[in-house]
Amino acid sequence: MKKRLSITLIMLLSLALVFAGCGSNDTSKSDKTETKDKEKTEVTSGASKTSYTDPSELKDEYDIVIVGAAGAGLSAALEAKAKGMNPVILEKMPQAGGNTLKASSGMNASETKFQKEEGINDSNDKFYEETLAGGHGTNDKEMLRFFVDNSASAIDWLDSMDIKLNNLTITGGMSVKRTHRPEDGSAVGKYLVDGLLKNVQEEEIPVFVNADVKKITQKDGKVTGVKLRLNNKEDKTISSDAVVVTTGGYGANKELIEKERPDLKGYVTTNQAGSTGDGIKMIEKLGGTTVDMDQIQVHPTVQQEKSYLIGEAVRGEGAILVSQEGKRFGNELDTRDNVTASINKLPEKSAYLIFDSGVKDRVKAIAQYDEMGFVEEGATIDELASKINVPKEELTKTLDTWNASVKNKNDEAFGRTTGMENDLSKAPYYAIKIGPGIHYTMGGVKINTNTEVLDKDGKPITGLFAAGEVTGGLHGENRIGGNSVAEIIIFGRQAGDKSAEFVKEQQ
């Protein structure tokens with residue numbers, strides 16, 4: 001009995017020592033961690049846990065207010081902090097990431113170190129000309145020149161923060177591999193958001209979610225801060241020397257879409273719910289002007305039931321598109337507007353992406369599409385044809401013809417020249433049913449290469465900057481896949497840099 005009592009007392013004493021933290025000599029570190037934990041609130045961003053700043057920590061004044069916590073806003077915050085500023089990020093949604101989280105294919109850039117490592121011969125001039133052609137010559141040429149000339153340094157900047165995009169593929173409208181993806185070939189969006197947020201947190205930049213900015217304040221022609229509603233119940237006013245707007249586009253605003261483009265009524269949208277054009281509306285109230293508002297991109301490969309984008313990398317790595325008759329009907333890697341038009345000419349206005357296990361291995365995002373129930377699989381071409389109800393003979397003939405085209409590097413039928421490194425002969429075979437969906441809004445507020453927001457006379461609105469999909473002009477009438485991810489990083493960095501320069505001049 002005494003022996004049992006002694007053992008019980010020893011166990012209790014051991015537990016007490018553990019709970020008291022006697023196993024650690026660094027009590028200051030423990031206290032510091034507890035303090036930091038109290039300052040943060042845990043929520044989910046994408047598939048990973050992310051800490052956001054506790055609402056009680058919101059201050060009345062910051063050097064720079066950044067409205068929007070997706071790729072452009074996070075990039076702007078990091079650059080502003082590096083320039084010695086005290087920025088804050090305000091996000092109206094319950095989590096950071098915005099439309100960036102939905103980005104799948106990659107980030108376009110030219111003359112990068114990763115291209116050179118693979119012996120890919122590319123140039124900024126070629127990138128410029130192909131993007132200009134993709135936009136039908138309507139792109140803002142000054143913005144486009146800045147964009148291509150700063151694309152490689154943006155890749156290097158990400159790499160310096162352990163965000164490595166060294167896996168290269170191709171998208172429609174491009175002639176060489178300049179679409180940079182994560183090393184494992186996974187979707188670029190979540191990888192970028194997770195990496196940028198990690199660096200934002202390491203720099204101790206506050207990020208407040210459920211912080212819905214309602215108004216940008218102004219006095220004597222100069223921006224003075226913002227008014228917001230916190231957690232849908234508390235109104236706050238924050239003062240700042242500069243405001244950077246990175247709130248995204250309006251692809252989820254059905255009313256605005258129908259106003260600008262009545263012909264798009266009823267289309268599904270791939271945009272996240274927060275893409276409602278708030279930043280554009282606030283900037284217009286300050287006298288900012290817009291450009292290309294009726295230029296709305298419809299993406300050709302969207303899973304219709306879930307309104308989910310099937311990334312261009314699937315075609316870039318070799319997939320083809322077939323009709324319900326089992327036939328190809330166009331160049332799968334033509335520009336998005338042309339591929340969309342070719343699908344809309346089909347009686348069913350939908351098509352199937354057809355690919356093999358080789359494509360599935362090279363595009364990691366397909367595993368996610370499979371988990372979501374989008375992918376049909378067949379051990380043979382005949383089995384796949386039966387599952388998607390297309391003629392077996394036609395699908396077999398289509399694949400045989402395509403594989404011969406890949407072997408000969410000559411697509412006689414439709415003149416495709418890219419995404420032909422691998423044929424489709426590695427069983428099993430797969431299909432995803434797709435159709436067009438609203439994907440991106442090329443229009444937005446007018447800025448210059450310093451990311452300063454311009455008024456109707458072309459003059460900067462003092463203290464107001466913008467970057468990302470909230471802006472217009474860069475893409476013209478059609479955006480090349482992979483260019484929006486490049487845009488948010490390149491111009492997000494520029495907004496952080498130039499807003500910091502402006503604040504320093506005020507001090």
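Buried means under 20% relative accessible area. Keep that cut-off in mind; the model used here is predicted.

**Exercise 1.** Decide whether Thr 335 is buried or exposed, and find its partners.

*Solution.*
Step 1. Locate the residue. Thr 335 sits in the loop between strand S16 (320–322) and helix H12 (336–344).
Step 2. Apply the cut-off. Thr 335 has a relative accessible area of 11%, so it is buried.
Step 3. Check the side chain. That of Thr 335 makes a polar contact with the side chain of Asp 337, at 2.6 Å.
Step 4. Look beyond neighbours within four places in sequence. Thr 335 is then in contact with Gly 134, Gly 173, Asn 478 and Ile 480.

**Exercise 2.** Do the same for Gly 482: is it buried or exposed?

*Solution.*
Step 1. Gly 482 lies in the loop between strand S22 (460–466) and helix H17 (483–506).
Step 2. Its relative accessible area is 5%, so Gly 482 is buried.
Step 3. Set aside neighbours within four places in sequence. Gly 482 is in contact with Gly 106, Met 107, Asn 108 and Arg 336.
Step 4. Take Gly 106. In sequence, Gly 482 and Gly 106 are 376 residues apart; in space, their C-alpha atoms are 5.2 Å apart.

**Exercise 3.** Describe how helix H5 packs with helix H6.

*Solution.*
Step 1. H5 (residues 124–134) and H6 (residues 141–149) pack at about 140 degrees, with axes 9 Å apart. Therefore H5 is oblique to H6.
Step 2. The crossing of H5 past H6 is right-handed.
Step 3. Sort the contact by class. Between H5 and H6 it has six nonpolar, two polar and four charged residues.

Terms used:
Residues are numbered from 1 along each chain as its sequence is written. This is a predicted model: local features need pLDDT of at least 70, side-chain atom pairs count only at pLDDT 80 or more; totals for chains, interfaces and linings use all residues. Side-chain values use heavy atoms; hydrogens and water are left out. Axes are lines fitted to C-alpha atoms, for helices over the stretch in contact, and angles run from 0 to 180 degrees between N-to-C directions. Helices (H or I, at least four residues) and strands (E, at least two) are DSSP runs, numbered from the N terminus. Angles under 35 degrees count as roughly parallel, over 145 as roughly antiparallel, 65 to 115 as roughly perpendicular and the rest as oblique. A crossing is left-handed if the near helix is turned anticlockwise from the far one by less than a right angle, and right-handed if clockwise. Ala, Val, Leu, Ile, Met, Phe, Trp, Tyr, Cys and Pro count as nonpolar, Asp, Glu, Lys and Arg as charged, and the others, Gly among them, as polar. Buried means under 20% relative accessible area, exposed over 50%, partly exposed in between (1.4 Å probe, protein chains only). A polar contact is a pair of N or O atoms within 3.5 Å; within protein, one must be able to donate a hydrogen and the other to accept it, and residues adjacent in sequence count only if both atoms are side-chain atoms. Contact means heavy atoms within 4.5 Å.
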